[in-house]
Amino acid sequence: MTTATSRRGDRQISPVFVGILAVTAVTGWATWSGFAAQPGIAVFLFVTAAWIVSLCLHEYAHARTALHSGDFTVGAKGYLTLNPLKYTHALLSIVLPVLFLIMGGIGLPGGAVFIERDRIQGRWRHSLISAAGPLTNVLFAAVCTAPFWLGALDGVPSDFRFALAFLALLQVTAALLNFLPVPGLDGYGVIEPWLSYNVKRQVEPFAPFGLLFVFALLWLPAVNSVFFDVVHSILRALDVDLFSTYCGQELYRFWQGGNQ
């Protein structure tokens with residue numbers, strides 16, 4: 001009985017995550033209804049809370065896929081509760097992505113759950129575990145952009161539309177960055193099982209610096225321009241206009257004074 005109860009507890013949704021969902025719902029309603037005296041603050045809280053929800057779902061997807069692939073330790077580690085406080089590196093997984101969102105308006109991928117890879121057999125399973133996280137961002141982007149590509153924007157308040165467009169941009173950037181085949185990112189995790197032992201051994205020392213390398217490249221104007229050209233092309237293909245995206249970003253940065 002004790003074992004069964006603990007297993008249920010290991011997979012029970014955390015009150016912390018429920019609280020984040022509640023903030024998302026309340027601020028989403030405030031953005032939709034125009035209830036907030038300062039719409040920028042409502043958009044800021046809505047987008048930030050929704051972004052944290054997507055980060056939790058990203059890591060949950062990794063953990064859930066690992067569970068079904070043979071790593072039964074993810075439950076005891078709290079990874080199936082959707083509680084971000086249970087992550088291996090809460091700073092890298094939640095705090096840093098939120099700071100990058102506030103400062104630069106880009107979806108920073110974080111690393112959070114520790115998967116015991118030696119418990120998992122089969123290269124396809126290892127690849128799928130790595131791909132599960134960014135695929136969640138792809139799904140989140142599809143949900144955010146659905147009103148656009150379904151032509152269902154009639155009656156949607158402009159502030160809410162702008163917030164969805166900006167949130168979609170964050171999800172697209174997170175998916176693209178995560179899928180890069182760079183050591184330390186999920187994209188490399190997808191191809192790593194198929195690489196030779198010698199290649200993996202040579203690449204391993206660079207894994208902790210992969211994300212830093214990517215962001216150093218993004219500081220280069222030419223690279224940054226190409227990256228966001230790709231992001232904008234994807235958004236345009238989903239019928240999300242850049243005007244809505246950047247109006248959402250301007251609303252989000254309410255402290256800059258342009259929206260007061």
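This report walks through the helix packing in a predicted model, with a word on where to trust it.

Residues are numbered from 1 along each chain as its sequence is written. The model is predicted, so local features need pLDDT of at least 70 and side-chain atom pairs count only at pLDDT 80 or more, while totals for chains, interfaces and linings use all residues; side-chain values use heavy atoms, with hydrogens and water left out.

On confidence, pLDDT (the predictor's confidence in each residue, from 0 to 100) averages 88 over the chain, and 91% of the residues reach 70 or more. Residues 1-6 are another story: pLDDT stays under 50 there, and the model gives them zero contacts (heavy atoms within 4.5 Å) beyond four places in sequence. Where pLDDT is low, the predicted coordinates should not be read in detail.

Now the helices, which are DSSP runs (H or I, at least four residues) numbered from the N terminus. Axes are lines fitted to C-alpha atoms over the stretch in contact, and angles run from 0 to 180 degrees between N-to-C directions.

| Pair | Angle | Axes |
|---|---|---|
| H2 (residues 15-33) and H3 (residues 39-69) | about 145° | 8 Å apart |
| H6 (residues 158-178) and H10 (residues 221-237) | roughly 125° | within 10 Å |
| H10 and H11 (residues 242-252) | about 115° | 10 Å apart |

H2 crosses H3 in a left-handed way (near helix turned anticlockwise from the far one by less than a right angle; clockwise is right-handed). Phe17, Ile20 and Leu21 of H2 are among the residues in that contact, as are Phe46, Ala49 and Val53 of H3. By class, it has 15 nonpolar, four polar and no charged residues. Here Ala, Val, Leu, Ile, Met, Phe, Trp, Tyr, Cys and Pro count as nonpolar, Asp, Glu, Lys and Arg as charged, and the others, Gly among them, as polar.

H6 passes H10 with a right-handed crossing. The residues that meet include Leu169, Val172 and Leu176 in H6 and Phe227, Val231 and Ile234 in H10. The tally is eleven nonpolar, one polar and no charged.

H10 also packs on H11. His232 and Arg236 of H10 take part, along with Thr245 and Tyr246 of H11, among others. That contact splits into four nonpolar, two polar and one charged.

Finally, H5 (residues 123-149) has a kink of about 35° at Ala132, shortly before Pro134. After H5 comes Gly151, with a positive phi near 65°.

Note on methods
Helix = DSSP H or I, 4+ residues; strand = E, 2+ residues; numbered from the N terminus. Bend = angle between axes of the 7 residues up to and from the residue.
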